[in-house]
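User: I have a protein model open and would like to go through it step by step. Please reason briefly each time and finish on the answer.

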Amino acid sequence: MNQQSVTDKVVIVTGAGQGLGEAIANTLGAAGAVVCACDIKEDKVKNVAQAINDGGGTAYPFMLDVRNAEDIRQTVDDIMAEHGRIDILINNAGTDMTLGIEDLSVTDWDRVVDVNLCGPFLLSKTVYPLLKRQGKGHIVNIASTAAKRVWTEASAYHASKWGLLGFSHALHAEGRRDNIKVTAVIAGGMRTPFIMDRFPDTDPNVLQDPKNVADTVHFVLTQPDETVIPEVMVLPMRETSWP
């Protein structure tokens with residue numbers, strides 16, 4: 001097959017300061033991509049970018065709040081001014097509140113939905129015209145098994161991830177007309193701070209290395225021009241959340 005390469009491709013990765021976002025940034029950086037690592041935590045994303053550069057790759061850190069449309073516009077403008085193009089957008093930033101409906105405040109709900117669903121919409125809406133003008137591009141939305149089933153104390157998270165999966169497939173349908181690929185990567189449990197910091201009693205052996213999911217992201221980005229993968233699920237062998 002005529003596999004593609006991410007070498008010299010300009011890639012935006014949100015939530016790149018730790019966990020899966022860091023693994024994706026590292027994996028694509030090692031494969032030769034120009035990584036624009038974005039995160040609301042400036043110190044963490046600077047450390048990630050520095051590590052990629054120290055390892056011989058190319059990365060630039062950006063402090064970005066994916067809930068803020070103007071912040072997104074400015075970041076995209078800065079990247080375009082520096083590099084002249086954007087080839088790939090990885091919508092990875094995510095958050096959660098582990099609370100039942102009676103304890104979940106409107107502010108909590110808004111924050112989870114704004115980060116997990118509105119953020120990918122705002123970024124995709126901003127980047128899409130640039131990809132269309134270039135004649136090609138790829139948007140990857142990091143979903144979750146939370147988009148396939150539900151558990152308690154996670155109503156906002158489920159709503160956002162089910163919404164993200166629907167948004168991703170709808171954007172895939174639109175993008176094909178403009179030669180823009182869109183992929184939803186449904187990640188099962190990973191050994192990341194997202195789980196381990198909030199649920200320290202979790203057995204790490206039932207989780208997977210985020211690098212494995214990052215490798216899958218790399219895989220979907222290297223498909224031949226004539227092929228797109230709209231959805232792929234990556235689970236640890238001992239996954240308990242799906243099926």
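User: Which residues lie nearest the centre of the largest pocket?
Analyst: The model is a predicted one. Its largest pocket has a volume of about 1,300 Å³. The lining is made up of 49 residues. Those nearest the centre are Gly94, Tyr157, Phe194, Ile195 and Arg198.

User: Which elements give two or more residues to the lining of the largest pocket?
Analyst: The lining of this pocket counts 49 residues. Some elements give two or more residues to that lining. They are H1, helix H4 (106-134), E5, H5 and H6.

User: How many cavities of 30 Å³ or more are there, and which element gives the largest share of the lining of the largest cavity?
Analyst: The count comes to one cavity of 30 Å³ or more, and the volume of the largest cavity is about 30 Å³. Its lining is formed by Thr14, Val66, Asn91, Asn92, Ala93, Val115, Gly119, Pro120 and Leu123. Four residues, the largest share of the lining, come from one element, H4.

User: Where do the buried residues of H7 lie around the helix?
Analyst: Helix H7 covers residues 210-221 and reaches 17 Å from its first C-alpha to its last, close to the 16 Å expected. The buried residues are Pro210, Val213, Ala214, Thr216, Val217, Val220 and Leu221. Viewed down the axis of H7, these fall within an arc of 155°, so they line one face of the helix.

User: What covers the buried residues of H7?
Analyst: The buried residues of H7 include Val213 and Val217. Both helix and strand elements are part of the cover. It includes helix H1 (19-30), strand E4 (88-91), E5, E6 and strand E7 (231-234).

User: Which residue caps the N-terminal end of H7?
Analyst: H7 runs over residues 210-221. At its N-terminal end, a side-chain oxygen lies 2.9 Å from the backbone nitrogen of Lys211. The residue that supplies this oxygen is Asp209.

User: Why are the buried residues of H3 on the same side of the helix?
Analyst: Helix H3 (residues 69-83) has 15 residues and reaches 21 Å, close to the 21 Å expected. Its buried residues are Ile72, Thr75, Val76, Ile79 and Met80. An α-helix has 3.6 residues a turn, so residues three or four places apart point the same way. The buried residues of H3 are on the same side because they cover an arc of only 135°.

User: Which exposed residues sit on the face of H3 turned away from its buried side?
Analyst: The buried side of H3 is covered by elements that include strand E1 (10-14), strand E2 (34-39), strand E3 (58-63) and H4. The face turned away from that side carries exposed residues. These are Glu70, Ala81 and Glu82.

User: Which residue caps the N-terminal end of H3, and which takes a positive phi just after H3?
Analyst: At the N-terminal end of H3, a side-chain oxygen of Asn68 lies 3.0 Å from the backbone nitrogen of Glu70. Asn68 is therefore named as the cap. Just after H3, a positive phi of about 80° is taken by Gly84.

User: Is Thr192 buried or exposed?
Analyst: Thr192 is placed in the loop between strand E6 (180-187) and helix H6 (193-196). Leaving out residues up to four places away in sequence, Thr192 touches Gly19, Leu20, Asp197 and Pro210. Buried means under 20% relative accessible area. Thr192 has 6%, so Thr192 is buried.

User: What is the relative accessible area of Thr145?
Analyst: Thr145 is found in the loop between strand E5 (137-144) and helix H5 (155-175). Thr145 is buried. Its relative accessible area is 3%.

User: Which residues does His172 touch, not counting residues up to four places away in sequence?
Analyst: His172 is part of helix H5. With a relative accessible area of 9%, His172 is buried. The residues that His172 touches are Val182, Val228 and Pro230.

User: What is the relative accessibility of Asn179?
Analyst: Asn179 lies in the loop between H5 and E6. Its phi is positive, about 60°, although Asn179 is not a glycine. Asn179 counts as partly exposed, and its relative accessibility is 43%.

Definitions and conventions
Residues are numbered from 1 along each chain as its sequence is written. This is a predicted model: local features need pLDDT of at least 70, side-chain atom pairs count only at pLDDT 80 or more; totals for chains, interfaces and linings use all residues. Side-chain values use heavy atoms; hydrogens and water are left out. Buried means under 20% relative accessible area, exposed over 50%, partly exposed in between (1.4 Å probe, protein chains only). Contact means heavy atoms within 4.5 Å. The expected span of a helix is 1.5 Å times one less than its number of residues. The arc is that of the directions from the helix axis to the C-beta atoms. A polar contact is a pair of N or O atoms within 3.5 Å; within protein, one must be able to donate a hydrogen and the other to accept it, and residues adjacent in sequence count only if both atoms are side-chain atoms. On a 1 Å grid over the protein atoms alone, a cavity is a set of points where a 1.4 Å probe fits but cannot get out, and a pocket is an open set with protein on both sides within 12 Å along at least five of seven lines; lining residues have an atom within 4 Å of a point. Grid points are joined across faces, edges and corners, and a volume is the space filled by probe spheres set on the points.
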